[in-house]
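Reader: I am new to this structure and should be grateful for a close look at a single part of it. Would you please take the largest pocket and set out what surrounds it?

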Amino acid sequence: MSTRLETNATEVTQVKNSKFKVNPRNLLKKYGIVLILLSLIVIMSVLTPHFLTSINLINIVKQMSIIGIIAIGVTPIIITKGIDLSSGSLIALVSVVGATFAQAGQYPIIVPIIMALGVGLLAGLINGTLVAKGTTCSLHCNIRYDDGSSRSGNACQ
């Protein structure tokens, strides 16, 4: 126990005695994207008077919320070493189904919502079943959605 405290005390003294050096390369590597984003915000604010208005900022948040929701759904797949390329295709399919049933005056608003959720659920169930129980990997499943082919096999492993 005392050696641990002595070690910690030695490390604290070394940190206090040494000067903190900022390495620009490490700083850019760690915070480069944030710096680019901040510089773009400053440049656009100077060039366009309407950039920092509340209407424009709300519009940006609305547009990026869709991508954020997709990212939340794809994150567990990426964490488990899978890949899901069908997100864009399935969102397009669900959007078309929802828009088809959302024509003015034809159906109540709940019908297009239920139809879009049903198509998304069915496509996800098919994709998940083929990957979990079938002989195909997630990449093949996703390519099938994109090009309509029905090749079989498991070349991903």
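Author: A definition is needed before the overall pattern can be read: helices are DSSP runs (H or I) of at least four residues, strands are runs (E) of at least two, and both are numbered from the N terminus. With these terms, the chain follows the pattern α-α-α-α-α-α along the sequence; it holds six helices and zero strands. The model is a predicted one.

Some figures for the whole chain serve as background. The chain has 157 residues, of which 12% count as buried. Where contacts between residues at least 6 apart in sequence are considered, 25% of them join residues at least 24 apart.

The pocket itself comes next. What volume does the largest pocket have? The value is about 570 Å³. Its lining is made up of 23 residues, and those closest to the centre of the pocket are Ile-70, Asp-84, Ser-87, Leu-90 and Ile-91. Four helices each give two or more residues to this lining: helix 3 (54–79), helix 4 (87–101), helix 5 (110–133) and helix 6 (138–147). Helix 3 contributes the most, namely six residues. In chemical character, the lining divides into 10 nonpolar residues, 12 polar residues and one charged residue.

Two of the residues closest to the pocket centre, Ser-87 and Leu-90, deserve separate attention. Ser-87 belongs to helix 4. Is Ser-87 buried or exposed? Its relative accessible area is 15%, and because buried means under 20%, Ser-87 is counted as buried. When residues up to four places away in sequence are set aside, Ser-87 touches Ile-70 and Val-74. Ile-70 thus appears both as a contact of Ser-87 and among the residues closest to the pocket centre.

Leu-90 is likewise found in helix 4. Its relative accessibility is 16%, so Leu-90 counts as buried. The C-alpha atom of Leu-90 is separated by 7.5 Å from that of Ala-123, although the two residues are 33 apart along the chain. Ala-123 is one of the buried residues of helix 5, which also include Pro-112, Ala-116 and Asn-127.

A further link between these helices is found at Val-97, whose place is in helix 4. Val-97 counts as buried because its relative accessibility is 15%. Its contacts, leaving aside neighbours within four places in sequence, are Met-115, Ala-116 and Val-119. For one of these, Ala-116, the C-alpha atom is separated by 5.8 Å from that of Val-97, with the two positions 19 residues apart along the chain counted as their separation. Ala-116 is also among the buried residues of helix 5.

The form of helix 5 may be set beside that of helix 2. Helix 5 has 24 residues and reaches 33 Å from its first C-alpha to its last, close to the 34 Å expected at 1.5 Å a residue. Helix 2 (residues 24–47) also has 24 residues, but its end C-alpha atoms are only 28 Å apart, short of the 34 Å that a straight helix would reach. Where does helix 2 bend? The bend is at Tyr-31, and it amounts to about 75 degrees.

Helix 2 also holds Ile-41. At 31% relative accessibility, Ile-41 counts as partly exposed, because that term covers values between 20% and 50%. The C-alpha atoms of Ile-41 and Leu-52 are separated by 8.6 Å, and the two residues are 11 apart along the chain.

To return to the part requested, the largest pocket has residues of helix 3, helix 4, helix 5 and helix 6 in its lining, with Ser-87 and Leu-90 among the residues closest to its centre.

How values were computed
Residues numbered from 1 in each chain as written. Predicted model: local features only at pLDDT ≥ 70, side-chain atom pairs only at ≥ 80, totals over all residues. Heavy atoms only, no water. Expected span 1.5 Å × (residues − 1). Bend = angle between axes of the 7 residues up to and from the residue. 1 Å grid on protein atoms, 1.4 Å probe; cavity = no way out; pocket = protein on both sides within 12 Å on 5 of 7 lines; lining within 4 Å. Points joined across faces, edges and corners; volume = space filled by probe spheres on them. Nonpolar A, V, L, I, M, F, W, Y, C, P; charged D, E, K, R; others polar. Buried < 20%, exposed > 50% of the residue type's maximum accessible area, 1.4 Å probe, protein only. Contact = heavy atoms within 4.5 Å.
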